[in-house]
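Me: Could you walk me through this model and explain the terms as we go?
Reply: Happy to, here it is.

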Amino acid sequence: MGALTTSVIAIVGLVLGWITIEVACKPCLDKGREAIDRSLDPDYDPDDAVNTAPDNGNSTTSSIRTPLIPDQNSDAVAAAAPSTAKVV
């Protein structure tokens, strides 16, 4: 009878642990499940996806991002570059 009690307690512990993880990580798990559902959907085309981010009333936002590496030929970079002239 002791083995049965131990196994029931272990199963209840696992179920409660699973519920705790589901509740604590719900936003992350929901996004992951949606991504899995999209990737397994043969009719899903990422090129047809619409940007669903809220605008928050800021009309100056653009979908074009600034480059991570700015233009290396700009005047600001040239002015900051050390001179190649020899110092006498």
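Me: How many salt bridges does the structure hold?
Reply: There are 2 salt bridges. As a caveat, this is a predicted model, where local features need pLDDT of at least 70, side-chain atom pairs count only at pLDDT 80 or more, and totals for chains, interfaces and linings use all residues. Residues are numbered from 1 along each chain as its sequence is written, and side-chain values use heavy atoms, leaving out hydrogens and water.

Me: What makes E22 and R33 a salt bridge?
Reply: The term asks for a side-chain nitrogen of Lys or Arg within 4 Å of a carboxyl oxygen of Asp or Glu. For E22 and R33 the N to O value is 2.8 Å, so the pair fits the definition. E22 lies in helix α1 and R33 in helix α2, 11 residues apart. Helices here are DSSP runs (H or I, at least four residues), numbered from the N terminus.

Me: Why are α1 and α2 called roughly perpendicular?
Reply: Their axes, lines fitted to C-alpha atoms over the stretch in contact, with angles from 0 to 180 degrees between N-to-C directions, cross at roughly 85° and come within 5 Å. Roughly perpendicular covers 65 to 115 degrees, so the label applies.

How values were computed. Helix = DSSP H or I, 4+ residues; strand = E, 2+ residues; numbered from the N terminus. Parallel < 35°, antiparallel > 145°, perpendicular 65-115°, else oblique.
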